[in-house]
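User: Could you take me on a close look at the sheet in this structure, strand by strand, and then show me what packs around it? I'm in my first year, so please go step by step.

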Amino acid sequence: MEEKNRALPANSIADSDWLSNVWNIKTAEKIKVFLWKSLHDALPVGEQFGIRNIHVSTLCARCNAEETVSHLLFTCPFAVSVWKLAPFPQVINSAVFNSTLEGWEHVKKIHTLPPIGLGLGTLAAWIVWSLWIARNQLLFEKRKFTPEETISKAISGAREWILSQPPKSPAIMNPLIRPEPTPNYSARCSIYTDAAWNSTTGCAGLGWIIDDRNSSSQHTATSTFVSSPLMAETLAVSTAMTFALLHGIDFISLFSDSQILIKTLNRQEKNLCDIYHLFLSFKSVKFVFIPRAANVRADSIAKQALWVLNQS
Ligand SMILES: [Zn+2]
């Protein structure tokens, strides 16, 4: 035990937190290792060269400040611009973070805006990774990426990675898409979504019900830092769509009782570009408005999920 504690950095976090901070983040293994090194201040950045008396520049190649891990990933003006572009419900001002740990613990908890609908920390992990890659390409290959290019690489990296993952729980998947010996992939599934939102806490419960010809299953998720009921409804849709894709369901009718959202989705508006990209991964998606009264099942599980979150 003693030994372990000594190995932790000055701004150390408890052993158990490494699970939530690094190892349980849904991202590529290489990025988990990168995160672990970042949080241990163990990346080969300028500061480390200075500490070890290696005679190379210890300054940031972009702004000439001392290059520390937290500078590179959060407080460098370049990193600040990249975080500001991230599709999160609130704008991140990464300039205020005092350490890599403080920055990471903040950003890993923020949900991505639809249509990305990635799990907590997934996009944030790809953003820090993209910042690292952009830094190395500038330093070693003299290739300069803009903040816009850097964020879009992070988003596409996260999206491609998540779509390449095998379905998480075959137990749920089986009754859904393999109701008979010969799978019938052409059958359209109906997905009913709803959200419950608490204006005081900014927490949301998300619920979705997947019905196919032979079975029905219900699923919930929760989200924090949700800024409006519309955002909550949007999260419910994008989370349900991501879930469906991860379970091999790509032929769907998606129902919501938010008329504004369904109208927006059917117009394929740019501000929902994330859902739009998700949409492209389906064989077919129909977005359909249904009155509240017809959506009581999804409504009640969303409320339950929010209730459970509020108790914790
Ligand atoms: Zn800098």
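**A close look at the sheet**

Analyst: Happy to! The sheet is an open one made of five strands, in the order S3-S2-S1-S4-S5, and its pairing is mixed. At the edges sit strand S3 (216–223) and strand S5 (284–289), each of which pairs on one side only. Going from one strand to the next, the twist averages 20°. Please keep in mind that this is a predicted model.

Let's begin with S1 and S2. Strand S1 covers residues 189–198 and strand S2 covers residues 203–211; the two run antiparallel and are joined by nine bridges. To find this pairing on your screen, look for alanine 195, which stands opposite leucine 206 in S2. S1 and S2 form a hairpin with four residues between the strands, and in that hairpin glycine 202 takes a positive phi near 75°.

Next, step from S2 to the edge strand S3. This pairing is also in the antiparallel sense, over eight bridges. Here a good landmark is tryptophan 208, which stands opposite histidine 219 in S3. S2 and S3 form a hairpin too, with four residues between them.

Now go back to S1 and look at its pairing with S4. These two strands run parallel, and five bridges join them. On this side, tyrosine 192 of S1 stands opposite phenylalanine 255 in S4. With S1 antiparallel to S2 and parallel to S4, you can see both kinds of pairing in the mixed sheet.

While you have these strands in view, here is a useful general point. In a regular strand, side chains alternate between the two faces of the sheet.

How enclosed are S1 and S2? In S1, eight of the 10 residues are buried, which leaves the strand mostly covered. S2 is largely enclosed by the rest of the structure, because seven of its nine residues are buried. For the chain as a whole, buried residues make up 41% of the 312 residues.

Part of what surrounds the strands is helical. Helix H11 (residues 229–246) lies across S1, S2, S3 and strand S4 (251–256), running at about 145° to S1. Helix H14 (residues 296–311) lies across S1, S2 and S3, and its angle to S2 is about 145°.

Let's now leave the sheet and look at helices that pack against one another. The chain has 14 helices along with its five strands, and two helix pairs make good examples.

In one pair, helix H3 (residues 29–39) and helix H8 (residues 122–141) have axes that come within 10 Å and cross at roughly 75°. That angle makes H3 roughly perpendicular to H8. On the H3 side, Ile31, Phe34, Leu35 and Ser38 make the contact, while H8 brings Ala125, Trp126, Val128, Trp129 and Trp132. Sorted by class, this contact of H3 with H8 has eight nonpolar residues, one polar residue and no charged residues.

In another pair, helix H6 (residues 77–85) packs with helix H9 (residues 147–163) at an angle of about 55°, and their axes are 9 Å apart. H6 and H9 are therefore oblique to each other, and their crossing is right-handed. Phe78, Ser81, Val82 and Leu85 in H6 meet Pro147, Glu148, Thr150 and Ile151 in H9. By class, the contact of H6 with H9 has five nonpolar, two polar and one charged residues.

Finally, zoom out to the fold as a whole. Among contacts in the chain between residues at least 6 apart in sequence, 67% join residues at least 24 apart. The pairing of S1 with S4 is a nice place to end your tour, with tyrosine 192 opposite phenylalanine 255.

Methods: Residues numbered from 1 in each chain as written. Predicted model: local features only at pLDDT ≥ 70, side-chain atom pairs only at ≥ 80, totals over all residues. Axes fitted to C-alpha atoms, helices over the stretch in contact; angles between N-to-C directions. Parallel < 35°, antiparallel > 145°, perpendicular 65-115°, else oblique. Contact = placed C-beta atoms within 7 Å. Nonpolar A, V, L, I, M, F, W, Y, C, P; charged D, E, K, R; others polar. Pairing = 2+ DSSP bridges. Left-handed = near helix turned anticlockwise from the far one by under 90°. Buried ≥ 20, exposed ≤ 12 C-beta atoms within 10 Å, placed from the backbone.
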